[in-house]
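User: I'm new to this structure, so please give me a close look at one part and then follow it outwards. What classes of residues make up the lining of the largest pocket?

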Amino acid sequence: MERALLVRHGESVFGARGLATGKADVHCPLSERGAAQARALAERISGEDIDLCVTSELERTRQTADIALAQRSVRRIVLAELNDPLYGSYEGGPLDAYLAWAHANDSAAEPPGGGEARQRLVARYAAGFRRIVDRPERAVFVVAHSLPIAYVLMTLAGLDPDPRVPLVEYAKPYVVSAGELSRAIARLEGWCAAPTW
């Protein structure tokens, strides 16, 4: 890989209602607004050369990629490493309730009901991005979720993972070079080896 376009999916029907879902088998398509965001994304990237599209397993990322690349023949792969968190008992409930739990607990804590600890989550995202940066394709279009993209952007700004992570804008592409993504991965892996919270 030489460069990647990192994009959060368009607004989903759960996202429009402020609900959390990280399960791949939950039906959660784009909302009408999300589909419009994906169409606008198609216009924004129309001049970009794209050799490979990578999505998470979740419906909203695959649907965003379908719309954004509708007129193109681009090879596609799915990486489960880029999926949203598993929220445990917060699945399907208000995202704010999960965030309140997350802000009150350290990164090794697992959300009740089989949720995913954030230390494991950061490691999973680093592994997913490493698979992308090692790809032979030159330009890779990555449609994922707010959290993995936010972690990359934070590390590129010189910040480690934090309990409070800013949301990434829907359907906005962020271009990163292979060198930048490699540096982000190394910082995420370093934090996993010695978590600070």
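Analyst: The lining of the largest pocket divides into 16 nonpolar, eight polar and seven charged residues. For that split, Ala, Val, Leu, Ile, Met, Phe, Trp, Tyr, Cys and Pro are nonpolar, Asp, Glu, Lys and Arg are charged, and the others, Gly among them, are polar. A quick heads-up: this is a predicted model, where local features need pLDDT of at least 70 and side-chain atom pairs count only at pLDDT 80 or more, while totals for chains, interfaces and linings use all residues. Residues are numbered from 1 along each chain as its sequence is written, and side-chain values use heavy atoms, with hydrogens and water left out.

Back to the pocket: its volume is about 660 Å³. A pocket here is an open set of points on a 1 Å grid over the protein atoms alone, where a 1.4 Å probe fits and protein lies on both sides within 12 Å along at least five of seven lines; lining residues have an atom within 4 Å of a point. Its volume is the space filled by probe spheres set on those points, which are joined across faces, edges and corners.

Of the 31 lining residues, Arg-8, Tyr-87, Leu-95, Ser-146 and Leu-167 are the closest to the pocket's centre. Helices H1 (13–16), H4 (95–104) and H6 (146–156) each give two or more residues to the lining, and H4 has the largest share, with six. Helices (H or I, at least four residues) and strands (E, at least two) are DSSP runs numbered from the N terminus.

Now follow H6 away from the pocket. It packs with H5 (residues 118–133) at about 80°, with the axes 10 Å apart; axes are lines fitted to C-alpha atoms, for helices over the stretch in contact, and angles run from 0 to 180 degrees between N-to-C directions. H5 and H6 are therefore roughly perpendicular, the word for angles of 65 to 115 degrees. In contact (heavy atoms within 4.5 Å) are Leu-121, Val-122, Tyr-125 and Phe-129 of H5 with Leu-147, Pro-148, Tyr-151 and Val-152 of H6. That makes eight nonpolar residues, with no polar and no charged ones.

H6 also meets H7: their axes come within 9 Å and cross at roughly 95°. Here H6 brings Tyr-151, Val-152, Thr-155 and Leu-156, and H7 brings Glu-180, Leu-181, Ala-184, Arg-187 and Leu-188. This contact has six nonpolar residues, one polar and two charged.

H7 (residues 178–193) takes us on to the strands, as it lies across E1 and E5 and runs at about 85° to E5. Those two belong to an open sheet of five strands in the order E3-E2-E4-E1-E5, with mixed pairing. E1 (residues 3–8) pairs with E4 (residues 139–144) in the parallel sense over six bridges; two strands pair if DSSP finds at least two bridges between them. In that pair, Val-7 has Val-143 as its bridge partner.

Arg-8 brings us round to the pocket again, as one of the residues closest to its centre. Arg-8 is also touched by Tyr-170, which sits in the loop between H6 and E5.

Terms used. Parallel < 35°, antiparallel > 145°, perpendicular 65-115°, else oblique. Lists of a residue's contacts leave out its neighbours within four places in sequence.
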